[in-house]
Amino acid sequence: MILGPLLTLLLVLAVAPALPGLATRTRALLTGRRGAPVLQLYRDLARLLRKNVVYSRTTTAVFRIGPMVVVATVVAAATLLPLDGHAALLSFRGDLVAFTGLLGLGRFALVLAGLDTGSSFEGMGASREVTVSVFAEPALFLCLTVLVLATGEISLAGMLGERLAAVWFGAAPSLVLAAAALFMLALAETSRVPVDDPATHLELTMIHEVIVLDHSGPELGMILFGNAVKLALFGALVTGVLLPLGLLPVWLAPLVLVAGLGVVAIGVGIVESSMARLRMNRVPQFLVAASALAVFGVILLLR
Amino acid sequence: MSALHELLLLCVVLTNFWVLGTTRLSSTIRATAIQGALLALLPIALHPSWSVHTLGLAGGTFLVKTVILPGFLAWAIREAAVRREIEPLIGFSTSLALGAVAVAISFGIAQRIPMPESNSSLLIPVALSTVMVGLLVLTTRNKALSQVVGYLVLENGIFVFGLSQVERVPFLVELGVLLDIFVGIFIMGIVVFHINRAFDSLDSTRLTELKD
């Protein structure tokens, strides 16, 4: 029984690096450019793995541990999600708290690594990343609350599994609201356009990019891969909430999931090409709007 | 049909959030236009019998709330050259959060209000939350035009409330209300225009200063 979820997890980890590429390519095409190939991140990762690591003299072990924690937490969080809507590798009551906690731990490690360099720019980026997460995390909990209330289950495997398919039509408005909020969170968590711009390298506006500025070689690759997997996780959440994958046969669900991930990535690209990046003081407002959507979903279910 | 009107009412609440969350005045006006169109569809969705009453109400609502008033407000911001609400009394994030609270409160209260039987259990809570959001916008924004938008949203809430009683309210009364709103917004628009002429700004806090 463990083989199915494991294969799905490996499939998702394998396609994850294509998602940021797909989003960036969509953005480029919609703005009239050709853009980098979709598979660019795979090449970048292969190149970074062959490189040496350069450490600044001011850094300590915290800086070196950071990227490993990022990858480890994101992959651990992925084991908790029932990616194909049938079963998760690991599942226990209340694992949704572990899921958000793992994502938070990864971000914490990254922020500490940024602070460890002693650079004022990275300190600024770290403070911004934390500001974003202060607003993003409650919103994520509210989205999960919608799922808990809709299904009456408090493990991720339960609330995204067959039970969701059974109650889907009764709770459709709330679930659509939660999916919209999750999509907004995906943009914030993976530092895409309205919140952060992956293409910018202007110190005054960077959030995520500035923290990883001192990382190099395989460690930078780990951070890039971790971010791609995070996008895949949120994409899987959006897909799982909108499509009851649990109804599909076990062999078909992973393929539908991958298609859903592609659609989410293209959606990210469309948002990126149609919106300007928000001013820093407007970012919390974007996330509060996501929370408001989720709160509305919760209210509709409590009615 | 029942799913359709519930969907419309949910979209009304979403446009409320939209009005609360945007800084651009043109965007809030677009939100009220869309809200007006949703309200125009509501009588048809609630009473699929296609009577003259509901069709007239829908047509009149669409004409006034989606075409004339937003067009007029758009004209007003063009003439007065104001683009965005810069410093509301309560920040945009806070007002969004307050909007969510307002929705929660109205869904909580609505079940306790004794009402004659109505077509949808969502009508009353949506009406209440729209009224509260309108009041919030009306009282916490500084630009006179945002306040007009708040008034319009407030009135939309009252309209939704009235929809639960469509059979009992004579057609003429509804048209009279629509006309009232129309004249009201028209006068406000002209006042806004004159405020802008006299003070070079639409900031209503500056109206407390004396000027000769």
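## Overall size of chain B

A compact globule of 212 residues would have a radius of gyration near 17 Å, and chain B agrees, with 17 Å. The model is a predicted one. Taken along the principal axes, the C-alpha atoms of chain B fill a box of roughly 55 × 35 × 25 Å.

Burial can be put beside these dimensions. Of the 212 residues in chain B, 41% count as buried. Here a residue is buried if 20 or more other C-beta atoms lie within 10 Å of its own.

## Fold of chain B

Chain B has seven helices and zero strands. Along the sequence, the pattern reads α-α-α-α-α-α-α.

Contacts in chain B can also be sorted by sequence separation. Take those between residues at least 6 apart in sequence: 76% of them join residues at least 24 apart.

## Where chain B touches chain A

How many residues of chain B are in contact with chain A? The count is 13 residues of chain B, set against ten residues of chain A. Two elements of chain B give two or more residues to this side: α1 (2-21) and α4 (92-110). Of the elements of chain B, α4(B) gives the most, with nine residues.

What is the make-up by class of the side of chain B that touches chain A? Ten residues are nonpolar and three are polar. No charged residues are found on that side of chain B.

Methods. Residues are numbered from 1 along each chain as its sequence is written. Chains are lettered from A and ligands numbered from 1 in the order in which they are written. This is a predicted model: local features need pLDDT of at least 70, side-chain atom pairs count only at pLDDT 80 or more; totals for chains, interfaces and linings use all residues. Two residues are in contact if their C-beta atoms, placed from the backbone, lie within 7 Å. Helices (H or I, at least four residues) and strands (E, at least two) are DSSP runs, numbered from the N terminus. Ala, Val, Leu, Ile, Met, Phe, Trp, Tyr, Cys and Pro count as nonpolar, Asp, Glu, Lys and Arg as charged, and the others, Gly among them, as polar. The radius of gyration is taken over C-alpha atoms; the globule rule is 2.2 Å times the number of residues to the power 0.38. A residue is buried if 20 or more other C-beta atoms lie within 10 Å of its own, exposed if 12 or fewer, and partly exposed in between; C-beta atoms are placed from the backbone.
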